[in-house]
Amino acid sequence: MMKMGEYTALFNLRDGADQKNANGAWLLTKQQMPFNPYKYCIDCACSDKNHGTTHTSVADDTGRGSLRPGWEIYYNHYAKIKKVSSGYKYAKQAADKMRPEAGADGSSRYGTNSGAFDQLGWGTLMLYRE
C-alpha cells in the first residue's frame, strides 16, 4: 500500500509552493514515470485477451496534479501510527501541501458537485500529529 501511495503522490506532485499544486514543474515527467503498457482487446477470439492493441503506452497527463483529501490519513498511518521511518517521502509532501485539507487559501478541497470526493477532508483536524 505504501508503494502504491508513493507512486500516486509522485505522479501528481509539482515542485511549486502553492497549495492547489497548480504551479511548478512535475517532479517526474510522464516519460520518466515507471509504467507498464496496458494491452487489451474487445470481442476478439484470442485466448489471452491480450493480442497487442495498446491502450496507453505512457502515463497520461490528463487529470494529473489534482490532489484530493486523504493524504493526511495515509502519511500519519505509516509515519506516526506504524512508526515506519521511511518510504513515504512523496505522501508526506502531498500531505504537507494539502494541509489543512479543507484549504488554507479559502478554496474548497471537496469538489464542486453534491457528491464531492470520497474523503471528507477532515484528516488534518482528526489525525495530524507533530
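Here is a short chat about some aromatic, charged and nonpolar features of this predicted model.

Student: Why is the pair Trp 71 and Tyr 74 called edge-to-face?

Tutor: Two values decide that. The ring centres are 5.9 Å apart, and the cut-off for a pair is 6.5 Å. The planes stand at 80 degrees, and over 60 counts as edge-to-face, so the name fits Trp 71 and Tyr 74.

Student: How many aromatic pairs does that rule give?

Tutor: The count is three. Trp 71, Tyr 74 and Tyr 78 also form one aromatic cluster.

Student: What separates Trp 71 and Tyr 74 along helix α2?

Tutor: About one helical turn, because they are three residues apart in that helix, which covers residues 71–81. Both Trp 71 and Tyr 74 are buried.

Student: What makes Arg 14 a charge over a ring?

Tutor: Its charged end is 3.8 Å from the centre of the Trp 26 ring, and the distance limit is 6 Å. Arg 64 does something of the kind with Phe 11, lying over its face at 4.0 Å from the ring centre.

Student: Okay, on to the surface. How do you know that Leu 125 is exposed?

Tutor: Its relative accessible area is 72%, and exposed means over 50%, so Leu 125 qualifies. You'll find Leu 125 in helix α4.

Student: And which residues make the nonpolar patch?

Tutor: Ile 73, Trp 122, Leu 125, Met 126 and Leu 127, making about 560 Å². Helix α4, residues 123–127, gives the largest share of that patch, with three residues.

Notes: Residues numbered from 1 in each chain as written. Predicted model: local features only at pLDDT ≥ 70, side-chain atom pairs only at ≥ 80, totals over all residues. Heavy atoms only, no water. Patch = residues over 30% accessible without salt bridge, like charges linked within 9 Å, V, L, I, M, F, W, Y side chains within 5 Å. Areas by Shrake-Rupley, 256 points an atom, 1.4 Å probe, with all protein chains shown as cover. Salt bridge = Lys/Arg side-chain N within 4 Å of Asp/Glu carboxyl O. Helix = DSSP H or I, 4+ residues; strand = E, 2+ residues; numbered from the N terminus. Buried < 20%, exposed > 50% of the residue type's maximum accessible area, 1.4 Å probe, protein only. Phe/Tyr/Trp six-rings, centres within 6.5 Å; stacked < 30°, edge-to-face > 60°. Lys NZ or Arg CZ within 6 Å of the ring centre and 35° of its normal.
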